[in-house]
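Welcome, and please open the model in your viewer. We will go from one selection to the next, with a short stop at each.

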Amino acid sequence: ANLPSNATSSSMIPVSSAALGKKDIDKARTAYTYALKLSLACSLAGALIMFVFAEPLISLLTYEPSMEALRPEFTWTLMVGGLSAPLSAMMGIGSAMLQSLKRSKISMYYYFFWMVLKLAMYAVACQYSFHTLIYCMVLVHLIGGVCLLSLGYREFGKIRRSLENEAGAAA
């Protein structure tokens, strides 16, 4: 579900970087918006497919009689875990935005923080139940997606204001 999203975010970097190099802020915004919409559409479609077809997909992996008892748990895990696909796509777009804005250090530091947060949340969640751990996985991807995309848009706003000020001073 995330492969098209990863490809989209990776391909957005040179397009938006070239636009920013030409100081064409509208083209850069169009690239960001298009990439975000395409990534979310692909990942939401993948999440929907995993949710709707969880039982048949899991039955391919649990066809052996000894695995049949685990099928409901695996099905539930795929259904709930699939929700993290669009959230992960948001993280990819946010990181790509920061990279195209020459702010890759922000992305790198955020991913370091996010990984530590993820490990800490998993350490707490695994003390309770498997279901808590899966819900925690979705929550940590929600936090990551919202924060990284917000950081990308905040930095884009700073660059946009800077370019507008330069254009205003030149006029």
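In what follows, contact means heavy atoms within 4.5 Å. Keep in mind that this is a predicted model.

**Stop 1: H1 and H5**

Start by selecting helix H1, residues 3–21, together with helix H5, residues 84–100. On the H1 side, show Ser5, Ser9, Met12, Ile13, Ser16, Ser17 and Leu20; they meet Ala89, Gly92, Ile93, Ala96, Met97, Gln99 and Ser100 of H5. By class, this contact of H1 with H5 holds seven nonpolar residues, seven polar ones and no charged ones. Now look along the two axes: they lie 8 Å apart, at an angle of about 25°. Angles under 35 degrees count as roughly parallel, so H1 and H5 are roughly parallel to each other. Their crossing is right-handed.

**Stop 2: H5 and H7**

Keep H5 on screen and add helix H7, residues 130–170. How far apart are the axes of H5 and H7, and at what angle do the helices pack? The axes are 7 Å apart and the angle is about 25°. That makes H5 roughly parallel to H7. Turn the view to check the handedness: H5 and H7 cross in a left-handed way. Colour the contact of H5 with H7 by residue class, and you should find 15 nonpolar, eight polar and one charged.

**Stop 3: H4 against H7**

Leave H7 displayed and bring in helix H4, residues 71–81. The axes of H4 and H7 come within 10 Å and cross at roughly 20°, and these two helices are therefore roughly parallel to each other. H4 passes H7 in a right-handed crossing. To see the contact, select Glu73, Trp76, Thr77, Val80 and Gly81 in H4, then Phe130, His131, Ile134, Tyr135, Met137 and Val138 in H7. Sorted by class, the contact of H4 with H7 has seven nonpolar, three polar and one charged residues.

**Stop 4: Leucine 78**

Stay in H4 and pick leucine 78. Which residues does leucine 78 touch, leaving out those up to four places away in sequence? Show Met50, Ala54, Leu57 and Ile58 to see them. For a sense of scale, draw a C-alpha to C-alpha distance from leucine 78 to glycine 157: the two are 37 Å apart in space and 79 residues apart in sequence.

**Stop 5: The largest pocket**

Finish with a surface view. Rolling a probe the size of a water molecule over the atoms shows where empty space is left. The largest pocket holds about 210 Å³ of space. Select its lining: Ser17, Leu20, Gly21, Lys23, Ser100, Leu101, Lys102, Ile159, Ser162, Leu163 and Glu166. Helices H1 and H7 are the elements that give two or more residues to this lining, and H7 supplies the largest share, four residues. Coloured by class, the pocket lining shows four nonpolar, four polar and three charged residues. Some names should be familiar from the first stop: Ser17, Leu20 and Ser100 line the pocket and also take part in the contact of H1 with H5.

How values were computed. Residues are numbered from 1 along each chain as its sequence is written. This is a predicted model: local features need pLDDT of at least 70, side-chain atom pairs count only at pLDDT 80 or more; totals for chains, interfaces and linings use all residues. Side-chain values use heavy atoms; hydrogens and water are left out. On a 1 Å grid over the protein atoms alone, a cavity is a set of points where a 1.4 Å probe fits but cannot get out, and a pocket is an open set with protein on both sides within 12 Å along at least five of seven lines; lining residues have an atom within 4 Å of a point. Grid points are joined across faces, edges and corners, and a volume is the space filled by probe spheres set on the points. Ala, Val, Leu, Ile, Met, Phe, Trp, Tyr, Cys and Pro count as nonpolar, Asp, Glu, Lys and Arg as charged, and the others, Gly among them, as polar. Axes are lines fitted to C-alpha atoms, for helices over the stretch in contact, and angles run from 0 to 180 degrees between N-to-C directions. Angles under 35 degrees count as roughly parallel, over 145 as roughly antiparallel, 65 to 115 as roughly perpendicular and the rest as oblique. A crossing is left-handed if the near helix is turned anticlockwise from the far one by less than a right angle, and right-handed if clockwise.
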